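Hi everyone, thanks for coming. I'd like to walk you through one structure today, so let's get it up on the screen.

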Amino acid sequence: MKKTNLSDHDPNQVPSGKDFRIGIAVAEWNKEITDALAAGALETLRRYDVAEDNIVLVHVPGSFELTSGADLMLRNDARLDAVICIGCVIQGETRHFDFICEAVSQGITNVALKHGKPVIFSLLTTNNTEQAQDRAGGKHGNKGVEGAVTALKMIALQRQLENK
């Protein structure tokens, strides 16, 4: 069955974030969209018991800077268990879209491997604003919710494997 809503998840499969500390890096570019994604992530983290004091939110200028923001967060707060990277890149008339999307994708992977902690890809890469809105709380759900659920699951997995 094809998943069509980014916010759909089985609550019974999401671990409690009671003692988790999670960073969120949010791009300021396409602010209307990224604010909605961040709101979805924050609401979801709170729903699964992440304490307000254990959520660190920073803003970076654009999606390209998400990797630097995540790296800075992990370097300067060793207590962070994961970082969720939230951004939105909308296709334009030039190849800029391709370069940014590829760089951010690779950069997020590199930061995760460098720090040995989950760094979550909550970047919308859409053809137009309508598609972005549909994935920022619209008819396709909210990728920020998906990112928060992914962070909770990955932290739990890391702890499970480290405690073996």
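Let me start with what I mean by a helix axis: it is a line fitted to the C-alpha atoms over the stretch in contact, and angles run from 0 to 180 degrees between N-to-C directions. One caveat before we use that: what you see is a predicted model.

So, how are H1 and H5 arranged? Their axes are 6 Å apart, and the two helices pack at an angle of about 40°. Angles under 35 degrees would count as roughly parallel, so with this angle H1 and H5 are oblique to each other. As for handedness, H1 passes H5 in a right-handed crossing. If you want to click on the residues involved, H1 brings Leu37, Gly40, Ala41, Thr44 and Leu45, while H5 brings Lys143, Gly144, Val145, Ala148, Val149 and Leu152. Sorted by character, this contact has 7 nonpolar residues, 3 polar ones and 1 charged one.

Now compare that with a second pair, H2 and H3. H2 covers residues 66–76 and H3 covers residues 96–115; their axes come within 9 Å and cross at roughly 15°. This pair is therefore roughly parallel. Here too the crossing is right-handed, as H2 passes H3. From H2 the contact uses Thr67, Ala70, Asp71, Leu74 and Arg75, and from H3 it uses Val104, Gly107, Ile108, Val111, Lys114 and His115. The make-up of this one is 5 nonpolar, 3 polar and 3 charged residues.

Staying with H2 for a moment, which of its residues are buried? They are Leu66, Thr67, Gly69, Ala70, Asp71, Met73 and Leu74. The cover over them includes S1, S2, S3, H3 and S4. Notice that Thr67, Ala70, Asp71 and Leu74 turn up both in that buried set and in the contact with H3.

Let's go to the cores. The largest nonpolar core holds 27 residues, and the ones with the most contacts inside it are Ile22, Ile24, Ile33, Leu45, Ile84, Ile86 and Leu152. Two or more residues each come from strand S1 (22–27), helix H1 (31–47), strand S3 (82–90), strand S4 (119–126) and helix H5 (143–162). H1 is the biggest contributor, with 6 residues. Apart from this core there is another one, of 20 residues, with Met73, Leu80, Val83 and Val119 among them.

Leu45 and Leu152 may sound familiar, since both are in the contact between H1 and H5. What does Leu152 touch, beyond its neighbours within four places in sequence? Its contacts there are Val14, Pro15, Gly17, Phe20, Ile22, Leu45, Tyr48 and Val50.

That last name, Val50, is worth a stop. Val50 sits in the loop between H1 and strand S2 (55–60). Is Val50 buried or exposed? Its relative accessible area is 4%, and the cut-off for buried is under 20%, so Val50 is buried. Leaving out neighbours within four places again, Val50 is in contact with Gly17, Phe20, Ile22, Leu45, Ile55 and Leu152. One of these partners, Phe20, is 30 residues away along the chain, yet the two C-alpha atoms are separated by 6.3 Å.

In that loop between H1 and S2 you also find Asp49. Its phi is near 75°, a positive value in a residue other than glycine. Why point that out? Because most residues other than glycine have a negative phi. With a relative accessible area of 46%, Asp49 is partly exposed. There is also Asn30, in the loop between S1 and H1, with a positive phi of about 60° although it is not a glycine. Asn30 is partly exposed as well, at 25% relative accessible area.

My last stop is the loop between H2 and S3, which holds Asp77 and Arg79. Asp77 is buried, at 14% relative accessibility, and beyond its sequence neighbours within four places it is in contact with Arg21 and Val56. Arg79, on the other hand, counts as exposed at 55% relative accessibility. And how far is Arg79 from Leu42? Their C-alpha atoms are separated by 18 Å, with the two positions 37 residues apart along the chain counted as the step from one to the other.

That's my tour, thanks for listening!

Notes
Residues are numbered from 1 along each chain as its sequence is written. This is a predicted model: local features need pLDDT of at least 70, side-chain atom pairs count only at pLDDT 80 or more; totals for chains, interfaces and linings use all residues. Side-chain values use heavy atoms; hydrogens and water are left out. A nonpolar core is a set of buried Ala, Val, Leu, Ile, Met, Phe, Trp, Tyr and Cys residues joined through side-chain atoms within 4.5 Å. Buried means under 20% relative accessible area, exposed over 50%, partly exposed in between (1.4 Å probe, protein chains only). Helices (H or I, at least four residues) and strands (E, at least two) are DSSP runs, numbered from the N terminus. Contact means heavy atoms within 4.5 Å. Angles under 35 degrees count as roughly parallel, over 145 as roughly antiparallel, 65 to 115 as roughly perpendicular and the rest as oblique. A crossing is left-handed if the near helix is turned anticlockwise from the far one by less than a right angle, and right-handed if clockwise. Ala, Val, Leu, Ile, Met, Phe, Trp, Tyr, Cys and Pro count as nonpolar, Asp, Glu, Lys and Arg as charged, and the others, Gly among them, as polar.
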